[in-house]
Amino acid sequence: MIDLLTSPEAWAALLTLTALEIVLGIDNVIFLSVITSRIPQPQATRARQIGLALALVFRILLLSVLVWLIGLTQPVFSIRGLGFSWRDIILIAGGLFLIAKATHEIHGEVEAREDDGPQSGGGNKFFWVIVQIIVIDLVFSLDSIITAIGMAKDLEIMIAAVIIAVIIMYVSSGPVARFVANHPTTKMLALAFLVLIGVALVADGFEFHIPRGYIYFAIVFALAVEAFNVMASRNRRKRKA
């Protein structure tokens, strides 16, 4: 441990890996913001806290079983010469879950579905929100940890990077969730992001890698356009007032 603290290479690996983990965590924050927007605010805050705590636990547990995780990349069956590992199966299932969930939410927004009140099955709704958070945390944790395995050699560096990234995700999740709730058009945009991310996960599962730079560029570009829309809408309201 002392050697790691005094090693410039270790600090460089920590900074690089932390930055990558934060970027990968953007997907998780978007999902948490959207999935918790349909429950009352006190429960939404608690759900985000539980979701991010589970994200941290899952990542550390997966890091702790590093050897087993590496074994997940070995094919367990093949179809027409294309091998599928447990990692591929998890990514495909998680991607399909994201696509289905985002499509369902988009349909609800387009059809102007009314939200259930807090008294109407509030506890049951909170339970299903937590279940969905657990499922998607597992998928994002796998993606994150596989990145960590490829970036760093020391388990301590991986755990430190994951903890720092989750803390930053926790700090940013509240403001992101409030912004999404206050600006309905950004929620539709976030749901479109989830479909895009889901497609990328499914493609990864079929060994067709979509460079994440393309996806993040599309997300940043769309966010910039939406930011201009929000500012224009705010200025119009001020002029009318």
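## A walk through the helices and strands

Start by selecting serine 85, which sits in strand S2. Keep in mind as you go that this is a predicted model. Is serine 85 buried or exposed? With a relative accessible area of 2%, serine 85 is buried. Now show what surrounds it: apart from neighbours within four places in sequence, serine 85 is in contact with Leu72, Thr73, Gln74, Pro75 and Val76.

**Step back to the whole chain.** Colour the model by secondary structure, and you should find nine helices and two strands. Following the protein chain along its sequence gives the pattern α-α-α-α-β-β-α-α-α-α-α. The protein chain has 241 residues, and 41% of them count as buried. If you display contacts between residues at least 6 apart in sequence, 81% of them join residues at least 24 apart.

**Next, select arginine 80.** You will land in the loop between strand S1 (75-79) and strand S2 (82-85). Arginine 80 counts as exposed, because its relative accessibility is 86%. Look at its backbone too: arginine 80 is not a glycine, yet its phi is positive, at about 55°. Why is that worth a pause? Most residues other than glycine have a negative phi.

**Move on to serine 173.** This residue belongs to helix H7, which covers residues 155-182. Serine 173 is buried, with a relative accessible area of 2%. Which residues touch serine 173, once neighbours within four places in sequence are set aside? They are Val29, Ser33, Arg48 and Leu52. Pick out serine 33 from that group and draw a distance between C-alpha atoms: serine 173 and serine 33 are 140 residues apart along the chain, but these atoms are separated by 6.8 Å.

**Now bring up helices H8 and H9.** Select residues 184-205 for H8 and residues 212-240 for H9. At what angle do H8 and H9 pack? The angle is about 175°, and the axes are 11 Å apart. The two helices are therefore roughly antiparallel to each other. To see the contact itself, show side chains on both helices: H8 contributes Thr185, Thr186, Leu189, Phe193, Leu196, Ala200, Leu201 and Asp204, while H9 contributes Arg212, Ile215, Ala218, Ile219, Ala222, Leu223, Glu226 and Val230. Colouring this contact by residue class gives eleven nonpolar, two polar and three charged residues.

**Visit the loop joining them.** Select glutamate 207, which lies in the loop between H8 and H9. Glutamate 207 is another stop for the backbone: it has a positive phi of about 65°, although it is not a glycine.

**Finish at glutamate 226.** You will find this residue in helix H9. Which residues is glutamate 226 in contact with, leaving aside neighbours within four places in sequence? Thr185, Thr186 and Leu189 are the ones to highlight, and these three also appear on the H8 side of the contact between the helices. Glutamate 226 is buried, yet it has no salt bridge. Where is the nearest side chain of opposite charge? Select arginine 236 to see that side chain, 9.7 Å away from glutamate 226.

Definitions and conventions: Residues are numbered from 1 along each chain as its sequence is written. This is a predicted model: local features need pLDDT of at least 70, side-chain atom pairs count only at pLDDT 80 or more; totals for chains, interfaces and linings use all residues. Side-chain values use heavy atoms; hydrogens and water are left out. Helices (H or I, at least four residues) and strands (E, at least two) are DSSP runs, numbered from the N terminus. Buried means under 20% relative accessible area, exposed over 50%, partly exposed in between (1.4 Å probe, protein chains only). Lys and Arg count as positive and Asp and Glu as negative; His and the chain ends are not counted. A salt bridge is a side-chain nitrogen of Lys or Arg within 4 Å of a carboxyl oxygen of Asp or Glu. Contact means heavy atoms within 4.5 Å. Axes are lines fitted to C-alpha atoms, for helices over the stretch in contact, and angles run from 0 to 180 degrees between N-to-C directions. Angles under 35 degrees count as roughly parallel, over 145 as roughly antiparallel, 65 to 115 as roughly perpendicular and the rest as oblique. Ala, Val, Leu, Ile, Met, Phe, Trp, Tyr, Cys and Pro count as nonpolar, Asp, Glu, Lys and Arg as charged, and the others, Gly among them, as polar.
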